[in-house]
Amino acid sequence: MQVTPPRTVYKVSSSNLALLPNVQFLYELHLATLELSSFCSHSEVLPDFRSFTIRADCEVNSILKRSAYIGSADGVLSDYAKLTQHNMTRAFNQYITHWFYPYKGKYHPQMVRALANILNLREGDTLLDPFIGSGTTAVEGSLLGLKVVGIDISPLCVLISKVKTNALHHLSKIEKSCLKDSMFEENAADYKVRNQLRSPVKSFELLARMIATSDSVRRNRNFDKMLSQNRAKMLESIRLMKDACEKTGISPLPADIKIGDARKLPFTDKSVDGIITSPPYSLALNYVENDSHSLASLGYDLKRIKDEFIGVRGTGGGKIDLYEQDMEQAYSEMARVLKPSGKAAIVIGDATVNGDKVRTTEKCIETFEDLGFRVLHNVNKLIYGLYNVMQQESILVFERR
């Protein structure tokens, strides 16, 4: 990746800020208000509920550089507004590399970016996501200049996250590899994922194959045709990411993402500045079953790997008991590695299993309170797509008492 120019300095005289056009839900307005409070001591939403006024002494430049929900000030576009224009898809939240792989149950990048600001994280701080999933936290944290560390028990998730976040730093090598028909002479199942993750080029190709596999299984598309199309589309998305960073002066940091277990975090005590994560909704969504075609293509035994996934292992009522035990252990690990001044943002919802509601959110709050934390913010939002088993989730922000 080429060296990016110095960060743009916006000269704005207006104290009026406008929300991005895509903001449409109450929880987003709530997060936008909390986010602004991290930049200035006072802000006030105007009667149109689409704009804010702030004090003249507020640092508008920082807001335009970092905010997730502010789209402009005095007609000057924010960095985030510019980033979202670099999009190969029709969906607002799928800009740059966020569309890579159709991962179910991921959260919005806009929300993650806002939470990083609400946690008062600044460039150079360490951000942890112990359930890295499809890498949304990694991409947004990296774009904010944070040192992102993340783990996931799923090798597929680690593959997705590493390519989405770090391929930018290896663009020239990937471009050269794409001149060839394929990086592999055999099927992806003949290659160990851990070996491929060491190579950015091979990881890129392997993810392109996983997306083509998903297109083939879920949409009945021709594998070879989709592999060629997805490879080209992925490459162009990384180029768009590079272009967006150069135009805004953003210098994203590579993320450190590994296969690991949130119940046994491989980090020292009090070593991270903040945590943003969404624990697996395994009681509502079986991640092994949902991505079985990709995991099998990677050469994994589905019966064996399901015994390692939180919320998937076990049967009947025992599955819920195991899930709660596993999550208590994961929360304890988060508390251990978080610095005394650090905050944690947990996006979590209650699942309904066999007609009974599982108190996932309440248990999370109780566990963190037992660990010496208090709830700083609790923002409710509706869930779309899992409505038969989950209706809403809570955005919880914890700080030590």
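Let's begin with the sheet: seven strands make an open sheet, ordered 8-7-6-9-10-14-13, with mixed pairing. Strand 8 (256-259) and strand 13 (373-382) sit at the edges with a single partner strand each, so one side of each has no neighbour in the sheet. From one strand to the next, the twist averages 15°.

A few words on the ground rules. This is a predicted model, in which local features need pLDDT of at least 70 and side-chain atom pairs count only at pLDDT 80 or more, while totals for chains, interfaces and linings use all residues. Residues are numbered from 1 along each chain as its sequence is written, and side-chain values use heavy atoms, with hydrogens and water left out. Helices (H or I, at least four residues) and strands (E, at least two) are DSSP runs numbered from the N terminus. Two strands pair if DSSP finds at least two bridges between them.

**How the strands pair up**

Strands of a sheet pair through backbone hydrogen bonds, either parallel or antiparallel. Here are some of the pairings:

| Strands | Sense | Bridges | Facing residues |
|---|---|---|---|
| strand 7 (147-152) and strand 8 | parallel | four bridges | G150 and I257 |
| strand 6 (126-129) and strand 9 | parallel | two bridges | L128 and I275 |
| strand 9 and strand 10 (338-349) | parallel | five bridges | I276 and A345 |

How enclosed is strand 9 by the rest of the structure? Six of its six residues are buried, so strand 9 is largely enclosed. (Buried means under 20% relative accessible area, exposed over 50%, and partly exposed in between, using a 1.4 Å probe and protein chains only.)

**A proline after strand 9**

Follow the chain on from strand 9 (272-277) and you meet P280, in the loop that leads to helix 11 (287-290). Is P280 buried or exposed? With 13% relative accessibility, P280 counts as buried. Leaving aside residues up to four places away in sequence, P280 touches F131, Y287, I310 and Y323, where contact means heavy atoms within 4.5 Å. P280 and A335 lie 55 residues apart in sequence, and their C-alpha atoms are 18 Å apart in space.

**The two largest pockets**

First, what counts as a pocket? On a 1 Å grid over the protein atoms alone, a pocket is an open set of points with protein on both sides within 12 Å along at least five of seven lines, and lining residues have an atom within 4 Å of a point. Grid points are joined across faces, edges and corners, and a volume is the space filled by probe spheres set on the points.

The largest pocket holds about 560 Å³ of space. It is lined by 27 residues, and the closest to its centre are H108, K381, L382, I383 and Y384. Helix 1, strand 13 and strand 14 are the elements that give two or more residues to this lining. By class, the lining has twelve nonpolar, ten polar and five charged residues. (Ala, Val, Leu, Ile, Met, Phe, Trp, Tyr, Cys and Pro count as nonpolar, Asp, Glu, Lys and Arg as charged, and the others, Gly among them, as polar.)

The second largest pocket has a volume of about 300 Å³. Of its 15 lining residues, W99, I211, D215, R219 and K233 are the closest to the centre. Helix 9 (200-219) and helix 10 (223-248) each give two or more residues to this lining, and helix 9 has the largest share, five residues. The classes here are five nonpolar, five polar and five charged.

Technical notes: Axes fitted to C-alpha atoms, helices over the stretch in contact; angles between N-to-C directions. 1 Å grid on protein atoms, 1.4 Å probe; cavity = no way out; pocket = protein on both sides within 12 Å on 5 of 7 lines; lining within 4 Å.
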